[in-house]
Amino acid sequence: MSLEKENNIYTLRNVSKVFGSGDTAVKAIDDVSLDIHRGEIFGIIGMSGAGKSTLVRTLNRLESIDEGSVIFNGLNLGTLSNKKLREARHSIGIIFQNYNLLMQKTILANVMMPLRIAGVPKSERREKAIKMLSIVGLEDRLNAYPAQLSGGQRQRVAIARALATDPEVLLCDEATSALDPKTTGEILKLLKKINSEMKLTIVIITHEMKVVESICDRVAIINYGKLVEIGDVKEIFTRPKTETARNLLMPGAGANDIDISEYKGRCARIVFDGTVSSEPIICNLTRKTGHTVSILSANTKSIGGIGFGQMIIEIPDDEKVYAEIVGFLTEAGVAVDELKSYR
Amino acid sequence: MSNIIWSEIWQGTADTLRMTLISTLLAYAVGLPFGVLLVVTDKGHILENKTINFIFGTLANILRSIPFLILLVVLMPFTRLIVGSSIGTTATIVPLTIGTIPIIARMVESSLKEVSAGIIEAARSMGASSWEIITLFMVPEAGPSLILGAAINLATILGYSAMAGCIGGGGLGAIALNYGYYRYQTDVLMITVIILILLIQIFQTLGTRIALKVRHS
Ligand SMILES: Nc1ncnc2c1ncn2[C@@H]1O[C@H](COP(=O)(O)OP(=O)(O)O)[C@@H](O)[C@H]1O
Ligand SMILES: [Mg+2]
């Protein structure tokens, strides 16, 4: 138990949250249990409306929960008094998609604000805020107002503000979703740097798999409020067990994008898990079996040094040929998943 | 033209300004917290409270729907009770203040509602108390809008004060009535109108200038 407490900064058990009631009730979180390890970058990915924001908001109790428990550092957030909860929040930083900075205050004043609320003496606030702003590379813009900054700069201010009170965890709710790819990359790099240099746990909510792919250690996939998969990013990306995960991780090769009823042959999804590479295997297939398949869609890539991905292929509609091809692929270590058409 | 008593006009202008400014200050002392209360007790806000929101919302609506002239008359006994008289510039401050409290409350309410929910979430995430959320986040963020609102309210109160002058309130309103209406001195009437227009212009321009100056978004 004490070991668990040490390793896990968050322990969620059977967390549920319903919005509304009766016919219009929405189960935004449905019986979610998960642990977030101290020091890791934990991703939570899901389609829009899956319940990601609601889930992350339970982590600092911006959202109360109906059932279950959210334990932060051994504290049950649900049973804390108002005063204790506000204290706990000094240890939980959060940044948002819309930055949520005070537009009428300079960025220095913005970063000083959480220090004031945490009761840091006036004389120390300014110095600390300047230090935080230099960490995010904005030490020369102290007296600028948020409106004078770009989106990426504003998110940097938000990061400086969130980290001003030396929290133990930083929650990021779609923090890069409003930014262009280049700026997204810069912000992710900054987060990664903060994670390794400050030993800060980071929880990243996103609907973009490239965000998870580039900096997360572990990832949880949620769909309709339910936790559908959780584990190491490499593991989940190479062997997604559920349809939700596959659609999310490889949208380009999702069966959803292909109308398989248009094809005469039988369509199948083949998944590469990093033990074999995709290119030679199709060549080898043709060479060894003498049959050809057509690739309808492919999405293969290299993550963390290992290649993986998936393809949708069309196989001639012949029982014997189909069996040979599937046999070859299975033997080669590639999972084959026939896609049925619902004509 | 010879019959215009300038000293009386200047005295009237000073009285009008005094009534307007004091009433505005007093009305803000009540109207600002009133407006804050309307916002924070609203559904989904930091101190959501259906009952309080309903009671104060209804109170504001009732007070606001009484025509000011009627309110002046209705409040006369009350005014006499606290000021000792129901006529004169000091007495006018009472109905002026009470009449504009609901207007200010609604104006403050609409300014504070412009503050994004995201700002309040950020404040809560920092561990701010409700008092801190109101004083350090909501009011400062709504600052420029509150100042613009104050300029509009000053103009409204100025207009009301002139109306009050007609029923014993003194100031420019009384001068306009006495000279312009009872003695057919149209020139005096015109002068008071021009002064009122100028005052409203000054308030409005000043308010807009200040609001623009303090606004950063
Ligand atoms: N305050 C709320 N009131 C009612 N329904 C809500 C509220 N917040 C979220 N929801 C609903 O809960 C579900 C999950 O929302 P959200 O957590 O915002 O999803 P995501 O962040 O994954 O897009 C959605 O169906 C959304 O409409
Ligand atoms: Mg969301």
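I count Ala, Val, Leu, Ile, Met, Phe, Trp, Tyr, Cys and Pro as nonpolar, Asp, Glu, Lys and Arg as charged, and the others, with Gly among them, as polar. With those classes, the lining of the largest cavity comes out as eight nonpolar, four polar and two charged residues. I keep in mind throughout that this is a predicted model.

**Entry 1: cavities**

I searched for enclosed space and found that the structure holds three cavities of 30 Å³ or more. The largest cavity contains about 130 Å³ of space, and of the 14 residues that line it, A:G93, A:I94, A:A162, B:S125 and B:M126 are the closest to its centre. I then asked which elements give two or more residues to this lining. They are strand 6 (92-96) and helix 6 (151-163) of chain A, together with helix 6 (117-125) of chain B. Strand 6 of chain A has the largest share of the lining, with four residues.

I went on to the second largest cavity, for which I noted a volume of about 90 Å³. I found 13 residues in its lining, and those nearest its centre are B:L72, B:M76, B:S86, B:P95 and B:I167. Helix 4 (76-83), helix 5 (89-113) and helix 8 (143-169) of chain B each supply at least two lining residues, and helix 8 of chain B gives the most, namely four. Sorted by class, the lining of the second largest cavity has seven nonpolar and six polar residues, but no charged ones, whereas two charged residues appear in the lining of the largest cavity.

**Entry 2: strands of chain A**

I turned next to the pairing of strands, recalling that strands of a sheet pair through backbone hydrogen bonds, either parallel or antiparallel. In chain A I traced an open sheet of four strands in the order 2-1-4-5, with antiparallel pairing. Its edges are strand 2 (26-37) and strand 5 (75-76) of chain A, each of which pairs on one side only. Within this sheet I looked at strand 1 (residues 8-19) and strand 4 (residues 67-72) of chain A, which pair in the antiparallel sense over five bridges. To fix the register I took A:L12, whose bridge partner in strand 4 of chain A is A:V70.

I also examined strand 9 (residues 218-223) and strand 10 (residues 226-232) of chain A, which are joined in the antiparallel sense by six bridges. Here A:A220 has A:I230 in strand 10 of chain A as its bridge partner. How many residues lie between strand 9 and strand 10 of chain A in the hairpin that they form? I found two residues between them, and I noted that A:Y224 in the turn has a positive phi of about 50°.

**Entry 3: chain B as a whole**

I then checked the secondary structure of chain B, which has ten helices and zero strands, so that I read its elements from the N terminus on as α-α-α-α-α-α-α-α-α-α. The C-alpha atoms of chain B fill a box of roughly 70 × 40 × 25 Å along the principal axes. Of the 217 residues in chain B, 48% are buried, and here I applied the cut-off of under 20% relative accessible area. Turning to contacts in chain B with a separation of 6 or more, I found that residues 24 or more positions apart account for 74% of them. Finally, I looked up the surface that chain B exposes, which is about 10700 Å², with carbon and sulfur atoms supplying 70% of it.

Methods. Residues numbered from 1 in each chain as written. Chains lettered and ligands numbered in written order. Predicted model: local features only at pLDDT ≥ 70, side-chain atom pairs only at ≥ 80, totals over all residues. Heavy atoms only, no water. Pairing = 2+ DSSP bridges. 1 Å grid on protein atoms, 1.4 Å probe; cavity = no way out; pocket = protein on both sides within 12 Å on 5 of 7 lines; lining within 4 Å. Points joined across faces, edges and corners; volume = space filled by probe spheres on them. Buried < 20%, exposed > 50% of the residue type's maximum accessible area, 1.4 Å probe, protein only. Contact = heavy atoms within 4.5 Å. Areas by Shrake-Rupley, 256 points an atom, 1.4 Å probe, with all protein chains shown as cover.
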